[in-house]
Amino acid sequence: KPISVVNSMSYEDFISLFGNVIEHCSLCAAAVWRDRPFSDVNSLHKSFCQFTDQLPIGGKEGILRLHPDLAGRLAMSGGLTNESTKEQQSAGLNTLTDQEKKTMHHLNQQYKQKFGFPFVICARENKKEAILTGLERRLNNSGETEAVTGVEEVKKICRLRLLDIVDSSSKL
Ligand SMILES: NC(=O)NC1=NC(=O)NC1=O
């Protein structure tokens, strides 16, 4: 969609289009609506980033808690959103060996046990090997560091989802 169409659509249409660019966080799109008109997809993304950055640490953790595990039970049972399904497949998480599945599940549990929110990474920018090493490495970080790191990944996921919807060539 051209950015001009985005700028002239109703609030309802805006929410139905952008309500899941941050997984299960239509609040973000509802807040970003006030910043229209957007000059291009970058300024739309900037609004989403500014909204998430200004959240208190508890809000950042809330956004992370709304994310599905990578190669988790939901993924195994086909219960992911369309966007997450495609993203996790693109990282090859649907082709894990049994051993990789066990390792991923164990590390995801350890991570959630330690931080109280799931490990989040932009699956479209990482293959399964990088995801596993990222999970192991980040397990050693502090909760504060991981809340910020996780939101940085959410912003990358958001950008790619926005680019799927808005023509990046279109400018106001
Ligand atoms: N826990 C996660 O990182 N989940 C995900 N990352 C993505 O890029 N898509 C997901 O579903």
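This is a short tour of a predicted model, going from the ligand and its surroundings to a few places elsewhere in the chain.

Begin by selecting the ligand together with the residues that surround it, which are Pro 68, Leu 70, Ser 84, Glu 87, Gln 88, Phe 119, Val 120, Ile 121, Cys 122, Ala 123 and Ile 157. If you colour this shell by residue character, it divides into eight nonpolar residues, two polar ones and one charged one. Now show helix 7, which spans residues 82-90 and, with three residues, gives the most to the shell around the ligand.

Next, keep the ligand in view and look at its polar atoms one after another. Start with the side chain of Glu 87, where an N or O atom is 2.8 Å from a nitrogen atom of the ligand. Then select the backbone of Ile 121, because a polar contact is a pair of N or O atoms within 3.5 Å, and here a backbone N or O atom lies 2.9 Å from a nitrogen atom of the ligand. Finish with the backbone of Ala 123, which has a polar atom 2.8 Å from an oxygen atom of the ligand. How much of the ligand does the protein bury? Taken alone the ligand exposes 300 Å², and the protein buries 100% of that. If your viewer can draw cavities, display them as well, and you will find that the space taken by the ligand is the largest cavity.

From here, move to the aromatic rings, of which the structure holds eight pairs. One of them is formed by Phe 14 and Phe 18, whose rings are tilted, with 4.8 Å from centre to centre and 50° between the planes. Select helix 2, residues 11-18, to see that both Phe 14 and Phe 18 lie in it, four residues apart, or about one turn of the helix.

The last two stops concern the backbone, and a general point helps in reading them: most residues other than glycine have a negative phi, and most peptide bonds are trans. Select His 24, which you will find in the loop between helix 2 and helix 3; its phi is near 60°, a positive value in a residue other than glycine. Then go on to Arg 36 and Pro 37, which are joined by a cis peptide bond with an omega of about 5°. Pro 37 itself lies in the loop between helix 3 (26-32) and helix 4 (41-53).

Key: Residues numbered from 1 in each chain as written. Predicted model: local features only at pLDDT ≥ 70, side-chain atom pairs only at ≥ 80, totals over all residues. Heavy atoms only, no water. Near = heavy atom within 4 Å. Polar contact = N/O pair within 3.5 Å; in protein donor to acceptor, adjacent residues only side chain to side chain. Areas by Shrake-Rupley, 256 points an atom, 1.4 Å probe, with all protein chains shown as cover. 1 Å grid on protein atoms, 1.4 Å probe; cavity = no way out; pocket = protein on both sides within 12 Å on 5 of 7 lines; lining within 4 Å. Sits in = over half its atoms within 2 Å of the grid points. Helix = DSSP H or I, 4+ residues; strand = E, 2+ residues; numbered from the N terminus. Nonpolar A, V, L, I, M, F, W, Y, C, P; charged D, E, K, R; others polar. Phe/Tyr/Trp six-rings, centres within 6.5 Å; stacked < 30°, edge-to-face > 60°.
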